[in-house]
Amino acid sequence: MKLRNVFSAGIVCLLAGMLTSTSLYSQVAYAVGGTSTLDTLSGQIVKTADGGVTWDLLTGIDSTFFYALHFSNTDVGYVVGYNSTIIKTSDGGQTWTEQYTGLPRSILRDVHFYDEMIGAAVGSTGRIIVTEDGGQTWTERSLGVSFNVSFVYWINDTTAYIGTDPTAGLVYKTTNRGATWQVDPTFAPARYTLCNFISADIGYIWGFFPESSGNLLYLYKTVDEGQTWFDTNLDVDFLSRIQDIDFVSGDSVGYFKAFNIWNRQFYKTTDGGQSWQPQTQLPFEIQDFEFYNGTDVLAFAPDNHHNNKF
């Protein structure tokens with residue numbers, strides 16, 4: 001359950017993260033973002049309890065622009081953003097408390113928890129902070145580089161991946177709860193911006209390498225909980241980046257969203273990512289989407305407060 005964000009002056013940017021896809025709470029979702037003026041940044045969180053039909057702006061939150069959120073269960077969630085901000089709720093978003101990280105002012109771009117206790121947040125200039133007690137304390141870990149870290153994803157209670165976002169970035173892995181991180185040599189140098197596991201064993205990591213003739217595209221897949229990865233050799237015309245990827249049922253049927261103003265299509269696979277075919281061409285840019293009951297999807301656009309249910 002991940003959220004990502006983009007900055008857009010003067011507008012609320014809402015990007016969705018589904019709480020769960022196969023439970024009683026499948027109608028519940030949160031989105032984070034914020035508003036900006038020439039002088040200020042303001043974070044906002046919205047919540048739906050009816051699958052996106054209606055949304056409520058959560059109040060009592062005094063913080064700066066938000067970039068990402070993650071819920072470890074239906075009540076406990078974390079939001080991160082500007083100024084090394086981390087806020088936590090333990091009551092499904094009714095109240096939020098700020099967590100002390102000890103970091104200098106920087107941007108935290110992603111947060112992910114394996115369970116209620118073990119999690120990490122990452123951000124600008126190689127920032128990685130890890131908690132093993134549900135956010136009561138956070139410990140900074142050194143990556144040894146000053147690159148921005150774009151994502152973090154735990155696959156079990158000791159192992160996590162992070163992706164860095166310079167032109168020739170790398171994927172790093174920890175097997176000791178974030179105490180140390182090593183480059184995973186499987187992944188070619190690229191800008192790695194997205195990781196998503198659709199089951200305990202099956203996951204994807206996406207990256208691209210900019211060239212004058214167009215981006216080199218990388219969509220890596222694992223079917224053994226990250227023990228091995230292989231490049232799916234993604235071959236899609238007019239694709240510069242993938243914005244998000246999600247699967248409807250198991251590992252067979254899935255979608256990803258292209259990210260550029262000329263290509264607003266969803267792409268579909270029915271063979272577990274071996275091939276992808278263009279689907280709907282949307283009239284506006286979608287930033288994030290999630291399937292939540294096998295047939296319905298929530299999709300979010302960062303302009304004019306669009307949120308759409310398909």
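Student: Leaving aside neighbours within four places in sequence, which residues is S150 in contact with in this predicted model?

Tutor: Happy to start there: S150 touches D110, G163, T164, D165, Y192 and T193. Each of these has heavy atoms within 4.5 Å of S150, as a contact requires. S150 itself is found in strand 13, residues 149-154.

Student: What makes the approach of the S150 side chain to the backbone oxygen of Y192 a polar contact?

Tutor: The distance is 2.4 Å, and the limit for a pair of N or O atoms is 3.5 Å. The value falls within that limit, so the pair qualifies.

Student: How do you know whether S150 is buried or exposed?

Tutor: Its relative accessible area is 13%. Buried means under 20%, so S150 counts as buried. Y192, its polar partner, has a value of 0%, so Y192 is buried by that cut-off too.

Student: Why is the pair of F187 and Y192 called edge-to-face?

Tutor: The ring centres lie 5.9 Å apart, and pairing asks for centres within 6.5 Å. The planes stand at 80 degrees; since edge-to-face means over 60, the name fits. F187 has 4% relative accessibility, which is under 20%, so it is buried.

Student: Which cluster do F187 and Y192 belong to?

Tutor: Ring pairs link them with Y153, Y161, F197, Y218, Y220 and W229. By the ring-pair rule the model has 15 aromatic pairs.

Student: What makes Y78 and W138 one of those pairs, and of which kind?

Tutor: Their centres are 6.4 Å apart, within the 6.5 Å limit. The angle between the planes is 85 degrees, which is over 60, so this pair is edge-to-face. Y78 and W138 are both buried. The pair links distant parts of the chain, 60 residues apart: Y78 sits in strand 6 (residues 77-81), and W138 in the loop between strand 11 (128-131) and strand 12 (139-141).

Student: How do you know that strand 19 and strand 20 pair?

Tutor: Two bridges join them, and pairing needs at least two, so the condition is met. Strand 19 covers residues 216-222, and the two strands run antiparallel. The bridge partner of Y220 in strand 20 is D231.

Student: Why do strand 17 and strand 20 count as edges?

Tutor: The open sheet has four strands in the order 17-18-19-20, with antiparallel pairing. Strand 17 (191-197) and strand 20 (230-231) each have a single partner strand, so one side of each lacks a neighbour in the sheet.

Note on methods. Residues are numbered from 1 along each chain as its sequence is written. This is a predicted model: local features need pLDDT of at least 70, side-chain atom pairs count only at pLDDT 80 or more; totals for chains, interfaces and linings use all residues. Side-chain values use heavy atoms; hydrogens and water are left out. Rings of Phe, Tyr and Trp (its six-membered ring) pair if their centres lie within 6.5 Å; planes under 30 degrees apart count as stacked, over 60 as edge-to-face and the rest as tilted. Buried means under 20% relative accessible area, exposed over 50%, partly exposed in between (1.4 Å probe, protein chains only). A polar contact is a pair of N or O atoms within 3.5 Å; within protein, one must be able to donate a hydrogen and the other to accept it, and residues adjacent in sequence count only if both atoms are side-chain atoms.
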